[in-house]
Amino acid sequence: TFLPISAMSQNNANYDESKVPPLVLPDLFVSESGQIIESVEDWEAIRRPEIFQLFQQEVYGEIPKDFDKISFQLAQESTNPYPELANLEEVDITVERYGNSLTMRLNLFIPKEGKAPFPVILLINHRPKYPDGSLSEEEYWPVDELLKRGYATASFHAETVAPDNAETFQNGIISTLYPEQMEKPDGLKALGAWGWGAMRAMDYFVQHPEIDASKSALVGHSRSGKSALWTSANDPRWAITYSNESGCGGAALSKRKYGETVQVINTAFPHWFDENFKKYNGAEETLPLDQHMLLSLIAPRALYVASAKGDQWADPKGEYLSLQIGSRVQTDIYQKDSGFETDFESIIEPIHLENAGYHIREGKHSLKWEDWGIFLEFAAKIFQ
Ligand code: GTR
């Protein structure tokens, strides 16, 4: 339904590196009062909260953390497509707040082979459901491959918490559980709502005897990749965060105005970001932040970013630069061996560092088995 607008904008988008404005980015290590930030203490007590607050106010809106009750109930509606490999838990997660309640569905596969507790990978799924009700698409969510490698894996559909639609996005948790968010310029929108869903999935994992939630990865592609990054900034329980081709409003630097821009995304998807973010339509240079700062909020936990060469709309170079600059928190504050020294133009193979990783592959915008395979090598090292 959004195709005409974004197709039109893709034609006007800048793909010429020589037209990218000179990058002037806010400094990660200078606080708003001008203090130089050098220690973990000052980062965590001063600078990180400032940056978090900026994103909450100006970009994504708040993800409310409060509710009165959460409960989990197992349903039995679908046939397990991998009966040999896994047990399928269809979990109805019901959250209550001020007498209202909402139920979201989580699909979790737990390996039959191997020794529990298992590390877990959660995919935020915004793709259309299949008419036959099937739960996975081979490459987008390669359930069998993940199970064979000893992971439990789960996903929930974005629309189970907030429809991906400008008119109806509030018809999930926003109007039901958090109606006060609806009027606020920094209120909860769709990307944050999906993140809230991921956090409720984590609530289920942490109490599950067969899941090792300390070994957890949150995965999102594209719009769900944007959501995954903001989720992980809010919720430190995710050990690894993987953004696949998240682009504008995700991993990519907005101030480059390469490919998709703030104005284009806010016009095509007015329900993703908060109202304040619309002030920056056509005015990226006035943003008091950029996406390298979002990535910095995930440190010292592991962060993985992936791009595709055929996905210039998401600005692969802007994604890499953002990771490169944002990772300075990993190196300079947390003393991790996570410095990306390679120039973007010289990258030929995946770069897997102590706590951060990147790859760029041939081909178009998509979450493919190739992406998963490379990411899983990184994850295996982190979880070792
Ligand atoms: C596009 C949008 C991108 C990206 C993508 C997707 O239309 O412009 O920001 O999120 O959709 O989610 O696949």
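Two residues are in contact if their C-beta atoms, placed from the backbone, lie within 7 Å. In this predicted model, that criterion underlies the packing of helix H6, whose buried residues pack against helix H2 (40-60), strand E4, helix H5 (190-206), strand E6 (211-221), strand E7 and helix H8. The chain contains 11 helices and 10 strands. Its radius of gyration is 20 Å, close to the 21 Å that the globule rule gives for 384 residues, so the chain is as compact as a globular protein of that length.

**Overall dimensions and burial**

- The C-alpha trace spans about 55 × 45 × 45 Å along its principal axes.
- Of the 384 residues in the chain, 48% are buried.
- Among contacts with a separation of 6 or more, 69% are between residues 24 or more positions apart.

**Helix H6 and its surroundings**

- Helix H6 covers residues 223-234; at 1.5 Å a residue its 12 residues should span 16 Å, and the distance of 17 Å between its end C-alpha atoms agrees with this.
- A residue counts as buried if 20 or more other C-beta atoms lie within 10 Å of its own. By this criterion 12 of the 12 residues of H6 are buried, so the helix is largely enclosed by the rest of the structure.
- The buried residues of H6 include the charged Arg 223 and Lys 226 as well as Leu 229, Trp 230 and Ala 233.

**Parallel strands and the β-α-β unit**

- Strands E4 and E6 run parallel and are joined by 5 bridges. Within this pairing, Leu 122 has Leu 218 of E6 as its bridge partner.
- Strands E6 and E7 also run parallel, again with 5 bridges between them. Here Leu 218 is partnered by Thr 241 of E7.
- Leu 218 thus has a bridge partner on either pairing, Leu 122 and Thr 241.
- A right-handed β-α-β unit is formed by E6, H6 and E7.

**Cis peptide bonds**

- Most residues other than glycine have a negative phi, and most peptide bonds are trans. The exceptions listed here and under the next heading depart from these tendencies.
- The peptide bond from Ala 116 to Pro 117 is cis, with omega near 0°. Pro 117 is placed in the loop between strand E3 (100-111) and strand E4 (118-125).
- Ala 299 and Pro 300 are likewise joined by a cis peptide bond, with omega about 5°. The loop holding Pro 300 runs between helix H8 (291-296) and strand E8 (302-308).

**Non-glycine residues with positive phi**

- Tyr 98, although not a glycine, has a positive phi of about 45°. Its position is in the loop between strand E2 (86-97) and strand E3, and with 12 C-beta neighbours inside 10 Å Tyr 98 counts as exposed.
- Lys 257, also not a glycine, has a positive phi of about 50°. Lys 257 sits in the loop between strand E7 (240-244) and helix H7 (262-268), and its 22 C-beta neighbours inside 10 Å make it count as buried.

**His 352**

- His 352 belongs to strand E9 (residues 351-352) and is partly exposed, with 16 other C-beta atoms within 10 Å.
- Apart from neighbours within four places in sequence, His 352 is in contact with Gly 357, Glu 377, Phe 378 and Lys 381.
- Phe 277 lies 75 residues from His 352 along the chain, and the C-alpha atoms of the two are separated by 33 Å.

Terms used:
Residues numbered from 1 in each chain as written. Predicted model: local features only at pLDDT ≥ 70, side-chain atom pairs only at ≥ 80, totals over all residues. Helix = DSSP H or I, 4+ residues; strand = E, 2+ residues; numbered from the N terminus. Rg over C-alpha atoms; globule rule 2.2 N^0.38 Å. Expected span 1.5 Å × (residues − 1). Pairing = 2+ DSSP bridges. Right-handed = clockwise from strand over helix to strand, strands pointing away.
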